[in-house]
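Please open the structure in your viewer and keep the selection panel at hand. The tour below proposes a series of selections and describes what is found at each.

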Amino acid sequence: LSVPPETPKEDGRPKWDNKFQYILSCIGFAVGLGNVWRFPYLCQIHGGGAFLIPYFIALLFEGIPLLHLELALGQCLRKGSIGAWNTISPYLGGVGVASWVVSVLVSLYYNTVLTWVMWYFINSFQEPLPWSVCPLNENRTGLNEECYESTPVNYFWYRKTLNITPDVTESGTLQWWLILCLATCWAIVYLCTIRGIETTGKAIYVTAIFPYLVLTTFLIHGLTLPGATDGLAYLFTPNLNTLKNPRVWLDAATQIFFSLSLAFGGLIAFSSYNPLKNDCEKDAVTVAIVNSMTSLYASIPVFSVLGFKATTGYWDCLDRNIISVINEFDLPEESIMRENYTVWINFLNSSYPEKIAGLKLKRCDLQEFLDQSVSGTGLAFIVFTQAIILMPGSQAWAILFFIMLFSLGLSSMFGNIEGVFTPLLELQIVSKSMPKELISGIICLISFLIALCFTLGSGSYWIDIFDSYAGSLPLLVIAFFEVIGVAYVYKIKRFSKDVKWMTGRKLNLYWHITWRFISPLLLLIVFVAFVVLQIQKPPSYAAWNPKYEGFPMKEEKVYPPWVVSICVLLAVLPGVFIPLVALFHLIKRMRRSKDPRFVPPEVFSCQGANS
Amino acid sequence: YAWDANEEYLFKAMVAFTMRKYSRKNTTQISNVLLCNVTDRVSFWFVVTDSSKNVTTVPGSEVEAAIRMNRDRINSAFLLSDKTLQFLEITSTLSPPVEPSTPVWLIVFGVVLCIIVAGIVFLVVAGIQQRKKKNKESTERENLEEKGEVPVAVENGIPCEALDLKTGHINGVFAADDERFTSL
């Protein structure tokens, strides 16, 4: 008679094929569009190299501790955000629900940004690029007026892509081309997340690694462009005086926080598929450092290209002035070059000041061109596309650039969808017999239908609203309660024992200090400062109005009251679940404690669940 | 190239050619075109005289119309373009941008969408097939267990019936060596 061998307890939970897939998914989730279009902008406006100081301090005291907390939590409890927080304490279940709601809201609008990227991508196959020339007006006598007043690039973005309305209250119509692209984007997301991490794990190999290849290509090409060194010098020259401005520290803290995609629940979901004995401490430090290095690495090609664009703009300005001077004074061709332009101008100004004044020469200043800093969609779709037109082989560069943006955004979408998907699978709402493909299909379909309102004429204004209110403030609140919940409700002693069991090492003093004191305090300060800054001025937006007197400058408008109430709703809605769920459980417990048969639930521990 | 008397001659010839083509008379000669005020910038005034009508100048509007018609020939003679060879007060007509019959982006979009739909269909079908296989396996195992009312004797996970005892080897060491055993 043989003794049956001991079988380890299998809970049927899907798991990563290998550790590399898991790390790559976390990195892909953290590294997103913000690394390319927000970090370089912040670096530029906050004193270049000096910005790195508050950035790394924030990384050390806020980013890495919170990241480690989330990864350890997910790994230990092996559940998505809602289940995990319910396990820690039923009163904290609201934190999980809040994370889930934020993930839903962000998934809705984030994919619309990818829709714009996809639209530009499929338009990049045209020769010449559609944003390089102005179309003619109706009677073919001249160029289209809106395009002529601003630039072809602006026209293509605001008119041909968004078909933007002059006001957020005017909804306009649904743009059919954007609907097609939106459907495609959601189809791609469905294709990659159809079976949860089984499929995203394979897709992440491409979407997480490909952007690095393209960034390297742009880096090499960008450094060879004229004017690249000016751009880089401008970016990295440290100006330590800016550190005195508290706004810089606030921006650094918020940038680290949002860049690492904390408090979405996606990281908890990812690490819940890990084996229990996994070194989550090393993972957290790795992911955080790779994310920051990527931001730095991405800012180099971005600023080389921006420097190139500024230099080309400066040369164009000079050339136009030179032509008008030469025409006026009938000087031979090539007598005035860019190098001796100032000498000539001074000479001519002293001899014929009225003529020079009559020419109305524009002032050409390279610094002024470099100072035109843009972030966000403006950087990608206006500034960068303009720079790409000036490069030889612009189609190839445009295609590469937009595929890179798409991969960056897609890998972040995976994390968002996992943050929505995993808790749904664990709740008793969906029956076990329903196949995963159907659940993910339903999620993608509903999200697509809701996101259709972002394809309206006023869609991009709404995306700005969602981005500023749903994707910022609630996350700070959730993260604060996460740290407090683990440090003071679950108790650090218990948690450090769990982490020690998982990683095999005792918790460092650094983690104790940051989790108990520094991170919550920092989050509280950032939250208060954020709210104070928001309240100080009425929320306004910049509208693209062709009938505005100052066109092509954007018109500053104030949000009407009903829009402001939606903004407040978006900011408050996720956070309100935290007290609501706690209240609900309190009431339930008070009712149950009158019941003599009530047995208090047993205390949960990582080791106990799976020994 | 440098502007010299030969280039001026070419210019006069082109203008004469243009006037001939426009008015369809073969009377305009190179000598009818007069240049004046030539500057280093290479800018000058020019007039076209009409020898048949007592050395009067051809009206400017006619000259303008003629040049507008043959602008491209004049440009290519000097290897210049509308921007680099400017006739003051003669604006160039703009050529409309080339639009292909089907917008290119629709074609690319169609290709991308087809690939994605194919991928989704493939994954869904594969998932359904996997599920069917799993269901079949679990029902087979159930049927097997139902048939054997006597619990199947299992040796190391293999049902005893499957083990063919006859094909086994008899281990010589353990061959019954009765002397070894103590007799009861």
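Begin by selecting helix α5 of chain A in this predicted model, a helix that is mostly covered, with 6 of its 8 residues buried. Those buried residues are A:Ser81, A:Ile82, A:Gly83, A:Ala84, A:Trp85 and A:Ile88. Add the surroundings to the display: the cover over them includes α4 (52-77), α6, α13 (266-272), α19 and α22 of chain A.

Next, select α25 of chain A, residues 561-593. Its buried residues are covered by elements that include α5 (81-88), α6 (93-123), α21 (459-470) and α22 (473-489) of chain A. The positions to colour as buried are A:Val563, A:Cys567, A:Leu570, A:Ala571, A:Pro574, A:Gly575, A:Ile578, A:Val581 and A:His585. Where does the kink in α25(A) lie? Centre the view on A:Leu573, where a kink of about 40° is found shortly before the proline A:Pro574. The end-to-end distance can also be checked: at 1.5 Å a residue, the 33 residues should span 48 Å, and the end C-alpha atoms are 46 Å apart, which agrees.

Move now to helix α1 of chain A, residues 19-30. From first C-alpha to last, its 12 residues reach 17 Å, close to the 16 Å expected. This helix too is mostly covered, 10 of its 12 residues being buried; among them are A:Gln21, A:Tyr22, A:Gly28 and A:Phe29.

Two of the residues just mentioned lead towards other parts of the chain. Select A:Ser411, which is found in helix α19 (residues 394-426) of chain A. Beyond its neighbours within four places in sequence, A:Ser411 is in contact with A:Gly28, A:Phe29, A:Val31, A:Ile204 and A:Thr207. Because its relative accessibility is 2%, A:Ser411 counts as buried. A polar atom of its side chain lies 3.0 Å from the backbone oxygen of A:Leu408.

Return to α1(A) and display A:Lys19 together with A:Asp283, whose side chains meet in a salt bridge (3.1 Å, N to O). A:Lys19 belongs to helix α1 and A:Asp283 to helix α14 (residues 280-329), so the pair ties together parts of chain A that are 264 residues apart in sequence. Are the two partners buried or partly exposed? A:Lys19, at 37% relative accessibility, counts as partly exposed, whereas A:Asp283, at 2%, counts as buried.

The structure holds 13 salt bridges over all chains, and two further pairs in chain A merit a selection. In the first, A:Glu146 pairs with A:Arg159, the closest N and O atoms being 3.1 Å apart. The pair joins helix α7 (residues 145-149) to helix α8 (residues 152-161), so it ties together parts that are 13 residues apart in sequence. Both A:Glu146 and A:Arg159 are buried.

In the second, the side chains of A:Glu198 and A:Lys436 meet at 3.6 Å, N to O. This salt bridge links distant parts of the chain, 238 residues apart: A:Glu198 is in helix α10 (residues 197-224) and A:Lys436 in helix α20 (residues 436-451). A:Glu198 counts as partly exposed at 36% relative accessibility, and A:Lys436 also counts as partly exposed, at 24%.

Now bring chain B into view and select A:Glu437 with B:Arg131. Their side chains meet in a salt bridge (3.1 Å, N to O), and the count between chain B and chain A is 1 salt bridge. Add A:Arg195 to the selection, for A:Arg195, A:Glu437 and B:Arg131 are linked in a network of salt bridges.

Widen the selection to the whole interface, where 24 residues of chain B are in contact with 32 residues of chain A. About 2500 Å² is buried between the two chains, and carbon and sulfur atoms give 71% of that area. Highlight B:Arg41, B:Trp105 and B:Phe109, which supply 30% of the area that chain B buries against chain A, more than any other three residues.

Finally, isolate chain B, whose secondary structure comes to 4 helices and 5 strands. Buried residues make up 20% of its 184 residues. One residue to centre on is B:Ala66 in helix α2 (residues 60-69), which counts as buried at 0% relative accessibility. Outside its neighbours within four places in sequence, B:Ala66 is in contact with B:Thr18, B:Met19 and B:Tyr22.

Technical notes: Residues numbered from 1 in each chain as written. Chains lettered and ligands numbered in written order. Predicted model: local features only at pLDDT ≥ 70, side-chain atom pairs only at ≥ 80, totals over all residues. Heavy atoms only, no water. Helix = DSSP H or I, 4+ residues; strand = E, 2+ residues; numbered from the N terminus. Expected span 1.5 Å × (residues − 1). Bend = angle between axes of the 7 residues up to and from the residue. Buried < 20%, exposed > 50% of the residue type's maximum accessible area, 1.4 Å probe, protein only. Contact = heavy atoms within 4.5 Å. Buried area = accessible area lost by both parts, 1.4 Å probe. Salt bridge = Lys/Arg side-chain N within 4 Å of Asp/Glu carboxyl O. Polar contact = N/O pair within 3.5 Å; in protein donor to acceptor, adjacent residues only side chain to side chain.
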